[in-house]
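Student: I should like to learn how terms are justified when a structure is described. May we go through some of them together?

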Amino acid sequence: MAKPRSTKSLSADLVVVANRLPVKRVENDNGDLEWRTSPGGLVASLAPAIAEFNGVAWLGWTGEDTTRTVAPFVLDGMQLVPVRLSEAERELHYEGMSNGTLWPLYHDKVQPGEFHRHWYEGYRSINRRFADAAAKVASEGAMVWVHDYQLQLVPDMLRELRPDLKIGFFLHIPFPSPELFSQLPWRRALTSGLLGADLVGFQSPSDANNFHRLAIGLGLATRTSRSGLDVDGRAVTVRSFPIGIDFQRYDEAANDHAVTEAAQDLRAQLGQPHTVMLGVDRLDYTKGIDVRLRAFKELLADELLHPSQVSMIQIAEPSRDQVDAYVSLRERVERLVGEINGDFGRVGYPVVHYIHRTRSFEELLAMYRAADVMLVTPFRDGMNLVAKEYVAARVDESGVLVLSEFAGAAHQLKDALLVNPYDIDGVKNAILRAVEMGPDEARRRMRAMRRLVKKNDAVSWAAGFLNTLRSI
Ligand code: F6P
């Protein structure tokens, strides 16, 4: 990896603006702190674009509370521009408005959100800080790509400062119906914020359609076509761009000898013969972790599954643990895990293996390879990349994916067993069907899903968005 170097005068033809930088500060072998790029994710999808542009900059929060400005630096050919956030600002912008108001509302109010004027004021002032920083970094006529719900006011703020820029926005999470969105006291400002972009991208056609209808309904735009809007004489395109993963990275790594061995060890530890079921999620109330645990518990109680023949691994990555709803979810999930193991486990043989820690890429791959059945049951999800990761890791074309129809991925992965997570009997039936599915049917389904995930990968997603923005 290239050594980071500081940079004084920044100028980029492509500016990515996201809540977080794609780097983490980690301790190196000498005990010093250094920045490391997080592999995979958004940054990998942009790698080919870096060569195409005359300078790429990425603006974002480092994840550390600070009142001091951290100097920009260059890492792996990309200019990284840290945007500071103090603890008090984080509480208003990140935990408050972003994850206490917008996140639950955009996920169909799976949990009630809170509306607070001071949260919104904090959100607006942080959006202003991101817009000011982007305006400074972007070269004349540059493309700026703004990401996600934490920064919805940025496109319009930036357009005012720099009308010469081409501005794109992509929402990684679902966009709600206009009826639900209209509960927001700041609905006009947040919609106008997005309409400052030339291209507004969403995960699915229904998300795009919701926004299109909303903008017209609020009288902020007029319809020019199914994906076109007119905003005071300026054209805005609204379209879906379903996000993909770095298929090749998962496919190659899953074939690695060490990963294959780790998967075999894991299965041996769990006992044989055995069906292994897996859930991998951030510990978030939208993910339906409790749904699959309840379904599993009932199947064991009904004696349709036997504890000596099946086990479940649930990875629940810690997330947003300063937000109350996440604290109570953790209690709920851990109580359920305890109940299942108390009722059905034996000494040395729990039926649910619950891990509340972040796992490494290699460990995750070994789990994907060890799992016969993958359970992805969110109440609502923009895409759900875990579903695609599982498919990419199934290099032997076996394995069954149970997938919520309310995940964006369900629009593409039609060969999964699709379930309604609100219908517990439906989830139970799908789990049973997955456990009992014959190898030929499983292979046919997995093969079709692998083709799709490979074709629609992260690089083609980023290229699709950027090429559309360029052509506007
Ligand atoms: O899905 C939206 C998202 O913001 C992702 O971009 C991110 O990986 C995830 O949620 C977790 O977000 P954070 O830890 O930044 O709140």
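**Reasoning from values to terms**

Tutor: Let us begin with the ligand: in this predicted model, an oxygen atom of the ligand and a polar side-chain atom of R320 are 2.9 Å apart.

Student: What makes this pair of R320 and the ligand a polar contact?

Tutor: The limit for a pair of N or O atoms is 3.5 Å. The distance for R320 is 2.9 Å, so the pair qualifies as a polar contact. R20 has a polar side-chain atom 2.7 Å from an oxygen atom of the ligand, and for Y94 the corresponding distance is 2.5 Å. These pairs also lie within 3.5 Å and therefore count as well.

Student: How much of the accessible area of the ligand does the protein cover?

Tutor: On its own the ligand has 390 Å² of accessible area, and the protein covers 65% of that.

Student: Which residues surround the ligand, and into which classes do they divide?

Tutor: The ligand is surrounded by R20, Y94, W103, D148, Y149, Q150, I173, R282 and R320. Four residues of this shell are nonpolar, one is polar and four are charged.

Student: Why is Q150 counted as polar, and D148 as charged?

Tutor: Asp belongs to the charged class, so D148 is charged; Gln is in neither the nonpolar nor the charged list, and Q150 is therefore polar.

Student: Let us turn to the sheet. What is the order of its strands, and why are strands 16 and 19 called edge strands?

Tutor: The open sheet has six strands in the order 16-15-14-17-18-19, with parallel pairing. Strand 16 (352-355) and strand 19 (417-419) are edge strands because each pairs on one side only. On average, neighbouring strands of this sheet are turned by 20° against each other, direction ignored.

Student: How do you know that strands 18 and 19 pair?

Tutor: Pairing requires at least two bridges. Strand 18 (residues 400-404) and strand 19 have three, in the parallel sense, so they pair. Within this pairing, S404 stands opposite V419 of strand 19.

Student: What makes Y354 and E334 a polar contact?

Tutor: Y354 is found in strand 16. Its side chain meets that of E334 at 2.8 Å, which is within the limit of 3.5 Å, and the pair therefore counts. Beyond its neighbours within four places in sequence, Y354 is in contact with residues including A316, R330 and V337. A316 and Y354 are 38 residues apart in sequence, yet 7.4 Å apart in space, C-alpha to C-alpha.

Notes. Residues numbered from 1 in each chain as written. Predicted model: local features only at pLDDT ≥ 70, side-chain atom pairs only at ≥ 80, totals over all residues. Heavy atoms only, no water. Helix = DSSP H or I, 4+ residues; strand = E, 2+ residues; numbered from the N terminus. Axes fitted to C-alpha atoms, helices over the stretch in contact; angles between N-to-C directions. Near = heavy atom within 4 Å. Polar contact = N/O pair within 3.5 Å; in protein donor to acceptor, adjacent residues only side chain to side chain. Areas by Shrake-Rupley, 256 points an atom, 1.4 Å probe, with all protein chains shown as cover. Contact = heavy atoms within 4.5 Å.
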